[in-house]
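Hi everyone, thanks for coming. I'd like to take you through one structure today, so please have a look at it before I start talking.

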Amino acid sequence: MIKIPPCGTYCKNCLAYKKPCAGCIETKGRPYYFKETGEKVCTVWQCAKKRSVEHCGLCIEFPCETFLNKYDRKRGIITVLRRAGLLALRKKIGDKAWVKWIKEKKIEFGP
């Protein structure tokens, strides 16, 4: 099983914190950088668990307010719009092909 968080990020390609983050799957919605932000649990991760969806792109409410409000305030709303597009692609081609595509295109992620 490929461990990918529900939000449209691929943690293994995250450069924002200068070290790989275990991500929401391994930490149950509590990535290490939350210590810096003061957040307790990722609201997107909680929502996906509650709705029993593997990722937000599979939810009938997508894109919902919870998803749309989870973006990097320093870089702006474009960060959540980018993840929305990546989730649409993930839904269409599946997890394995999506990860391969992310790696081939060298897509990098941040918070």
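**A walk from a loop to a cavity**

Let's begin with Asp72, which sits in the loop between α4 (65-68) and α5 (78-93). Before going further, please keep in mind that this is a predicted model. Now, is Asp72 buried or exposed? With a relative accessible area of 13%, under the 20% cut-off, Asp72 counts as buried.

And which partners does the side chain of Asp72 have? One is Arg75: the two side chains are joined by a polar contact of 2.9 Å. Another is the backbone of Lys74, whose nitrogen lies 2.9 Å from a polar atom of the Asp72 side chain.

From that loop, let's move along to α5. This helix has 16 residues, and from its first C-alpha to its last it reaches 23 Å, close to the 22 Å expected at 1.5 Å a residue. Which residues of α5 are buried? They are Thr79, Val80, Arg83, Ala84, Leu86, Leu87 and Arg90. As a reminder, an α-helix has 3.6 residues a turn, so residues three or four places apart point the same way. With that in mind, have a look at where those side chains go: the buried residues of α5 pack against α4 and α6 (95-105).

Also in helix α5 is Ile93. Ile93 is partly exposed, because its relative accessible area of 36% falls between the 20% and 50% cut-offs. Leaving out residues up to four places away in sequence, Ile93 touches two tryptophans, Trp98 and Trp101. Right after α5 comes Gly94, and here the backbone has a positive phi, near 90°.

Now for the spaces inside. How many cavities of 30 Å³ or more does the structure hold? The answer is one, and the volume of this largest cavity is about 90 Å³. The elements that give two or more residues to its lining are α3 and α4, with α3 providing the largest share, four residues. If you want to find the cavity on screen, the residues to pick out include Val44, Cys47, Ala48, Phe62 and Phe67. By class, the lining of the largest cavity divides into nine nonpolar residues, one polar and two charged.

Thr66 is one of those lining residues too, and its place is in helix α4. At 30% relative accessibility, Thr66 is partly exposed. Setting aside neighbours within four places in sequence, Thr66 is in contact with Thr43, Val44 and Cys47. Two of these names have just come up: Val44 and Cys47 also line the largest cavity. For a sense of the distances here, Thr66 and Cys42 are 24 residues apart in sequence, and their C-alpha atoms are 10.0 Å apart in space.

My last stop is an open space, the second largest pocket, with a volume of about 150 Å³. Eleven residues line this pocket, and the closest to its centre are Ile4, Ile25, Lys49, Val53 and Glu54. Which helix gives the largest share of that lining? Helix α3 (residues 43-51) does, with three residues. The lining of the second largest pocket has eight nonpolar residues, three charged ones and no polar ones.

To tie things together, α3 gives the largest share of the lining both for the largest cavity and for the second largest pocket. Val53 is worth finding on your screen as well, since Val53 lines the cavity and is among the residues closest to the centre of the pocket. Thanks for listening!

Technical notes
Residues are numbered from 1 along each chain as its sequence is written. This is a predicted model: local features need pLDDT of at least 70, side-chain atom pairs count only at pLDDT 80 or more; totals for chains, interfaces and linings use all residues. Side-chain values use heavy atoms; hydrogens and water are left out. On a 1 Å grid over the protein atoms alone, a cavity is a set of points where a 1.4 Å probe fits but cannot get out, and a pocket is an open set with protein on both sides within 12 Å along at least five of seven lines; lining residues have an atom within 4 Å of a point. Grid points are joined across faces, edges and corners, and a volume is the space filled by probe spheres set on the points. Ala, Val, Leu, Ile, Met, Phe, Trp, Tyr, Cys and Pro count as nonpolar, Asp, Glu, Lys and Arg as charged, and the others, Gly among them, as polar. Buried means under 20% relative accessible area, exposed over 50%, partly exposed in between (1.4 Å probe, protein chains only). A polar contact is a pair of N or O atoms within 3.5 Å; within protein, one must be able to donate a hydrogen and the other to accept it, and residues adjacent in sequence count only if both atoms are side-chain atoms. The expected span of a helix is 1.5 Å times one less than its number of residues. Contact means heavy atoms within 4.5 Å.
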